[in-house]
Amino acid sequence: MDLGLKGKRALVCAASKGLGRGCAEALAAAGADLVINARGAEALLAAAEDIRQRYGVTVTPVAADIVSEDGRATVLEAAGPVDILVTNAGGPPPGLWSDWERADFIAALDANMLTPIALMKALLPGMIDRGWGRVVNITSQSVKAPIPVLGLSNSARAGLTGYVAGTARQVAPFGVTINNLLPGIHATDRADALDRGVAEADGISLEEARARRAATIPARRYGTPAEFGAACAFLCSTQAGFIVGQNILLDGGATNSVL
């Protein structure tokens with residue numbers, strides 16, 4: 001299927017590895033030129049060169065902390081007008097309700113709610129003026145079913161979800177769609193960190209922790225960045241223009257809910 005993305009320009013955050021990298025590669029495979037961002041310059045430059053060589057698209061790497069105001073300004077200046085925005089940021093650390101103070105919540109909100117909102121506010125006007133645009137926010141399955149040890153993430157991502165629900169309906173008349181992708185466990189560094197925490201807490205090996213978690217997923221495996229990226233690319237396609245304000249789970253069936 002031709003996704004209609006040849007010649008489109010996409011900004012993908014946290015794209016040097018993991019789910020962001022999966023999204024960047026899928027968009028590049030569909031012919032979109034990329035601006036990719038991450039904090040670590042070395043991994044980002046390597047990812048940019050690899051994508052450029054494999055897909056033959058223009059890839060502009062911008063190493064900056066997208067959560068900081070200065071970093072965000074640097075990325076937006078380098079990106080210029082873009083047709084596609086994929087927001088993404090690492091989740092806050094796990095813990096107990098009694099561990100978190102106000103500063104912890106502010107940091108979570110900055111990374112997982114306020115930064116995506118700031119990027120949308122900066123880039124939506126141009127999309128509206130051009131009559132076409134796509135925004136995909138990478139959030140979490142915890143939006144559908146909160147995870148007790150991820151209270152910081154639950155709170156921040158739920159706030160972003162509420163913002164998108166209203167905003168998506170306001171920009172849809174101008175040919176701009178906003179949707180959220182809700183990953184469950186995928187084979188990424190984030191999953192490794194969570195599994196290590198379980199292994200240490202329960203006194204088991206990392207492999208056993210992974211096997212335990214995989215057994216709770218109906219698909220009996222972790223997702224891959226490539227299949228996550230394919231879903232992102234479809235939401236960014238010309239064919240997805242009637243999908244507005246949705247929260248789409250990619251979790252192998254792990255979240256047991258009707259809707």
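This section describes the nonpolar cores, the salt bridges and one loop proline of a predicted model.

The largest nonpolar core holds 34 residues. Leu-5, Val-12, Leu-27, Leu-34, Ile-36, Ile-84 and Val-86 touch the most other members. Several elements give two or more residues to this core. The strands among them are S1 (9-12), S2 (33-38), S4 (84-87) and S5 (133-138). The helices are H1, H2 and H8 (225-235). Helix H1 gives the most, with six residues.

Val-86 illustrates how this core is put together. Neighbours within four places in sequence are left aside here. Val-86 is then in contact with Leu-11, Val-12 and Cys-13. Further contacts of Val-86 are Cys-23 and Leu-27. Val-136, Ile-138 and Cys-232 are also in contact with Val-86. A second core, separate from the largest one, has 24 residues. Its members include Ala-79, Val-82, Leu-160 and Val-171.

The model contains 12 salt bridges. Arg-21, Glu-25, Asp-50 and Arg-54 are linked in a network of such pairs. Within this network, Glu-25 forms a salt bridge with Arg-21, with the closest N and O atoms 2.7 Å apart. Both residues belong to helix H1 (residues 18-29). They are four residues apart, so about one helical turn separates them. Glu-25 has a relative accessible area of 18% and is buried. Arg-21 also counts as buried, at 18% relative accessibility.

Arg-21 forms another salt bridge, with Asp-50. The closest N and O atoms of this pair are 2.7 Å apart. Arg-21 lies in helix H1 and Asp-50 in helix H2 (residues 41-55), so the pair ties together parts that are 29 residues apart in sequence. Asp-50 counts as partly exposed, because its relative accessibility is 28%.

A salt bridge outside these helices joins Asp-2 and Lys-6. Here the closest N and O atoms are 4.0 Å apart. Lys-6 counts as exposed, at 62% relative accessibility.

Pro-173 is placed in the loop between helix H5 (151-171) and strand S6 (176-183). The relative accessibility of Pro-173 is 62%, so this residue counts as exposed. Pro-173 and Gly-31 are 142 residues apart in sequence. In space, their C-alpha atoms are 26 Å apart.

Terms used: Residues numbered from 1 in each chain as written. Predicted model: local features only at pLDDT ≥ 70, side-chain atom pairs only at ≥ 80, totals over all residues. Heavy atoms only, no water. Salt bridge = Lys/Arg side-chain N within 4 Å of Asp/Glu carboxyl O. Buried < 20%, exposed > 50% of the residue type's maximum accessible area, 1.4 Å probe, protein only. Core = buried A, V, L, I, M, F, W, Y, C linked by side-chain atoms within 4.5 Å. Contact = heavy atoms within 4.5 Å.
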